[in-house]
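User: I would like to learn how to read some features of a protein model. Please take them one at a time, with the general idea before the case.
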Amino acid sequence: MEDVSEPLAGPLAEALARGRGAYNARFAIARRSTPGLEEHAFLELLRGLDGIVRAAHAHDAAVVDRVTEALFDAALQLAGQGLAGPLARTPEVDACWRTLLEAAPRLLCAAPRRVVAATANALTSLSACRGARLADWTRGMAALATRAPDVDAWLEAGKVAAWRAGMAHARAGAIALCARLPPDLAALALDLDASTGAEAMARVVERLEGDPWAWPAYVASGQDVPVGIKYITLVGGFRGFGTGPFLAPPRVGLRDGVFVLSDGERAWELHIDFFGATLVPCAPEPGAAHAQGALVLGDDGEVRLGEQRRTFPGMASPTSWASTDTTLVATRGISHRAAVVARSGYGL
């Protein structure tokens, strides 16, 4: 591999020069196992890490070699998988990874390999989750990095931030973490002010546990929001067009309180709340109960919630629907997507 330190000056160039022999050997081994690993593209990827190493050097110059080694090895893996560098299939992963590590030098210096690997793995998982917002997670983690007492707390709070960035299936675990994290860290992870006190955070956690459509900022403020019927979104899509998982218009049911959508061949759990929606493959077990909660759908598309009524013509003549006390999901024979309506007062 050509000398990457030539066009660079500063701590990254110096660290690469000190370990040139070992780094060249690492690259040669990686290239034998990953023939698609392109040298010039990898060198461009390394050059893009300069800002991270400079930030680490400013925080603790003594660990620069360890930081550089961790970055080099992770860059080899990511480039080989097509996840980072100028040839990346998912350039957002590359950009967010570099942005986040540069924003967290204190934590990076404390545990270089762990932080480098954990952030890369998290962004890779987020990129594979349809609907997840990588940039939102990155901004949240950068804010958390300024207050987290250590790497463990930062990564735990990062699970809450991932839920807030659209990974709805992480909801239960994230809420449980909010109850255990220091209040300022839990607040930041939910995009609240870090000064939100323990009493307000306890109120937020309690409300989130029972209401998937609760907006933490409203709950923390103590505002009483009137409940109404809200049309939320359409989920799914036709697998043949690459827009979703379904080969045929799906039908919906409830299994253990979780919505299940099936196209007759495969099935997916639908996890949906204020922050986003995800479809998670599950066993296509028959007999998912088409349960009815507080929200009721009529054949004409009218949704009823107690005395409230609201009609959605696009939901008329449903082939199936199921509801809980907070959410209703309906399908039609002419669509590969399911409609979602919620009991919500948060102006979605």
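User: What share of the residues in the protein is buried?

Analyst: This is a predicted model, and buried residues make up 50% of its 348 residues. A residue counts as buried when its relative accessible area is under 20%.

User: How many helices and strands does the protein have, and what does the C-alpha trace span along its principal axes?

Analyst: There are 14 helices and 11 strands. The C-alpha trace spans about 75 × 50 × 30 Å along the principal axes. Contacts add another view: among those between residues at least 6 apart in sequence, 62% join residues at least 24 apart.

User: Next, helix packing. At what angle do helix H8 and helix H10 pack?

Analyst: Angles under 35 degrees count as roughly parallel. Helix H8 (residues 112–127) and helix H10 (residues 151–164) pack at about 5°, and their axes are 12 Å apart. The two helices are therefore roughly parallel to each other. H8 contributes Arg114, Val115, Ala118, Thr119 and Leu126 to the contact, and H10 contributes Val151, Asp152, Trp154, Leu155 and Ala162. By class, the residues of this contact are seven nonpolar, one polar and two charged.

User: Now the sheets. In what order do the strands of the four-stranded open sheet lie?

Analyst: The order is S2-S3-S4-S5, and the pairing is antiparallel. Strand S2 (251–255) and strand S5 (276–282) are the edge strands, each pairing on one side only. From one strand to the next, the twist averages 30°.

User: How many bridges does strand S4 form with S5, and which residue is the bridge partner of leucine 270?

Analyst: Strand S4 (residues 267–273) pairs with S5 over seven bridges, in the antiparallel sense. The bridge partner of leucine 270 is leucine 279 in S5.

User: How should I read the two faces of a strand, and which residues of strand S7 are on the covered face?

Analyst: In a regular strand the side chains alternate between the two faces of the sheet. Strand S7 (residues 302–305) has Val303 and Leu305 on its covered face, while Glu302 and Arg304 are on the uncovered one.

User: Which strands pair with S7, and how many bridges join them?

Analyst: Strand S6 (residues 295–297) runs antiparallel to S7 and is joined to it by three bridges. One of the partnerships here is valine 296 with arginine 304 of S7. S7 also pairs with strand S8 (residues 308–311), again antiparallel, over four bridges. On that side, glutamate 302 has threonine 311 of S8 as its bridge partner.

User: Which residues take a positive phi in these hairpins?

Analyst: The hairpin of S6 and S7 has four residues between the strands, and glycine 301 takes a positive phi near 90° there. The hairpin of S7 and S8 has two residues between the strands, with glycine 306 at a positive phi near 60°.

User: Last, salt bridges. How many does the structure hold?

Analyst: Side chains of opposite charge can pair when their charged atoms come close. The structure holds 21 salt bridges. Among the residues involved, Arg26, Glu69, Asp73 and Arg113 are linked in a network.

User: Where do arginine 47 and glutamate 44 lie, and how many residues apart are they?

Analyst: Both lie in helix H3 (residues 39–47), three residues apart, about one turn of the helix. Their salt bridge has its closest N and O atoms 2.7 Å apart. Arginine 47 counts as partly exposed because its relative accessibility is 23%. Glutamate 44 is also partly exposed, with a relative accessible area of 45%.

User: Which salt bridges link distant parts of the chain?

Analyst: Two cases can be given. Arginine 164 forms a salt bridge with aspartate 191, the closest N and O atoms being 4.0 Å apart. Arginine 164 is in helix H10, and aspartate 191, 27 residues apart from it, is in the loop between helix H12 (183–189) and helix H13 (198–210). At 14% relative accessibility arginine 164 counts as buried, whereas aspartate 191 is exposed, with a relative accessible area of 58%.

The other case joins the side chains of arginine 171 and aspartate 273, at 3.4 Å from N to O. Arginine 171 is in helix H11 (residues 171–180) and aspartate 273 is in strand S4, 102 residues apart. Both arginine 171 and aspartate 273 are buried.

Key: Residues numbered from 1 in each chain as written. Predicted model: local features only at pLDDT ≥ 70, side-chain atom pairs only at ≥ 80, totals over all residues. Heavy atoms only, no water. Axes fitted to C-alpha atoms, helices over the stretch in contact; angles between N-to-C directions. Parallel < 35°, antiparallel > 145°, perpendicular 65-115°, else oblique. Contact = heavy atoms within 4.5 Å. Nonpolar A, V, L, I, M, F, W, Y, C, P; charged D, E, K, R; others polar. Pairing = 2+ DSSP bridges. Buried < 20%, exposed > 50% of the residue type's maximum accessible area, 1.4 Å probe, protein only.
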